[in-house]
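User: I have a model open and want to know what stands behind the labels put on it. Please take me through the reasoning, one label at a time.

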Amino acid sequence: MGIELDDTPQFQQYAHPEKFVSAAWLSARLGVPGLKVVESDEDAFLYDIGHIPGAVRIDWKQDLNDPLVRDFIDGEAFAELMRSRGINRDDTVVVYGDSSNWWAAYTAWVFELFGHPDVRLLDGGRDAWMGEERDTSFVVPDYPRSDYPVVQRQDAPFRAFASELLERTPAQLIDARPAPLYLGEDPNPESCSAPSLRQGHIPGAVNVPWGRSVFPNARFRSLEDIQAIYADFDKDAETVVYCQLGESSSHTWYVLKHILGFTNVALYDGSWAEWGNMVRMPVVKGDAPENAAE
C-alpha cells in the first residue's frame, strides 16, 4: 500500500478496511505524494462547480466506455487515461462522487478490473465532503503525464454477462433497484436513466435495494445493520448483483465484497438496461415465478 490506512474504528470491522477512507483522513493527506483523488459523478457538471482540491475527473460514460463497442475500454485506453490524469500504477487512488457514490463505486470497480493495487472509496462521497464544509476548488489540476503500464482488463471473477445468466441462475441473484422497478410496477419507467421496453426482473432475482446500506447523508451504516440486511445470503455462494445500468449495483458489489467479505460476487453491469431490451429474454413481474414470460 502506498499511503497508510485509515484507522477509523468503523472501517476496522469491515472485511477489507483498506478499501475505505473518511473525509477527515483524506483532508489531512491532500497533496501527499503518491495520493490521487478521482471524482466520478452521475452529474458530470458537479465537478465544475467545486471539487476536492487536486481531484481529477473521470467521467464514467466518456472515459470508461469504448466509443464503438458496448464494453469498457481496453488496457491501452485505460493506460492512456491514467497517464493523462497523472496517475501512476503504485499510486493510492481515492474515488468519490455524488448520488451516494454510485458512479464512484462503479469507477472503483473498473479500477479493480484492471488490477490497480490500491483503490479506495471515500465514505459518503461528495455529500460527506460538502456536508462537512471542507475545502473545494475550481482549479483543474495539470499533473505531469505518468508512465502507467498497459495492463489487460480481467473481467473474471468480478463481472457477469447476460449469456451466463441465461445458461444458469447463480445461487444468489440480487436486484439492487427500488422495489417498484423490481416488481415491474414503476408508474413512470421512462424516467429511468436507461429506460427499457420490458419491466420486471430476472427470474430468480431477490430484491435488496442498494440504498438500505447507507444513511441519508450517504455514509455507510454500521456493520451490524448491513449484516442484518444480507443475513439470508451465504457470503461464500456464487452471487451476482445488477440494477438498471450497473451504477447502484456496483455500490452493492462494493458492500458485499469489501464490507461483508463475500468471496464470489460479480456485477452484471449490463443490468436491466440490457436485459429488459433484449429480444426473448425471460422476465418476471411481481414476486411470483409463474409470471415469467418471454
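User: Which residue of β7 stands opposite Asp175?

Analyst: In this predicted model, Asp175 has Asn207 of β7 opposite. Asp175 belongs to strand β6, residues 172–175, which pairs with β7 in the parallel sense over three bridges.

User: What makes β6 and β7 a pair?

Analyst: A pair needs at least two bridges between the strands. β6 and β7 are joined by three bridges, so the two count as paired.

User: What makes β8 a partner of β6?

Analyst: Four bridges join β6 to β8, and the two run parallel. The cut-off is at least two bridges, so this is a pair as well. One of the bridge partners is Val241 in β8, set against Ile174.

User: How are β8 and β9 paired, and which residue of β9 is opposite Val240?

Analyst: β8 and β9 pair in the parallel sense, over three bridges. Ala266 of β9 is opposite Val240. Between these strands the chain passes through α9, and the β-α-β crossover is right-handed.

User: In what order do the four strands lie, and which are the edge strands?

Analyst: The order is β7-β6-β8-β9, an open sheet with parallel pairing. β7 (205–207) and β9 (265–267) are the edge strands, because each pairs on one side only. On average, neighbouring strands of this sheet are turned by 30 degrees against each other, direction ignored.

User: What does α9 touch when it packs on the sheet?

Analyst: α9 touches β6, β8 (239–242) and β9. The direction of α9 makes about 165 degrees with that of β9. Angles run from 0 to 180 degrees between N-to-C directions, so α9 and β9 point in nearly opposite directions.

User: Why is Thr252 called buried?

Analyst: Thr252 has a relative accessible area of 1%. Buried means under 20%, so Thr252 meets the cut-off. Thr252 lies in helix α9, residues 247–259. Leaving out residues up to four places away in sequence, Thr252 touches Ala176, Trp210, Tyr230 and Val241.

User: Which way do the residues of β8 point, and are they buried or exposed?

Analyst: Thr239 and Val241 point one way from β8, while Val240 and Tyr242 point the other way. All of these are buried.

User: Where does the label "domain: Rhodanese" come from, and which residues does the label cover?

Analyst: The label is a UniProt annotation from an unreviewed entry, covering residues 31–138 and 167–284. Such annotations may be inferred rather than shown by experiment. Over residues 31–138 the chain is 27% helix and 15% strand, with the end C-alpha atoms 16 Å apart.

Technical notes: Residues are numbered from 1 along each chain as its sequence is written. This is a predicted model: local features need pLDDT of at least 70, side-chain atom pairs count only at pLDDT 80 or more; totals for chains, interfaces and linings use all residues. Side-chain values use heavy atoms; hydrogens and water are left out. Buried means under 20% relative accessible area, exposed over 50%, partly exposed in between (1.4 Å probe, protein chains only). Contact means heavy atoms within 4.5 Å. A crossover is right-handed if, with the strands pointing away from the viewer, the path from the first strand over the helix to the second runs clockwise.
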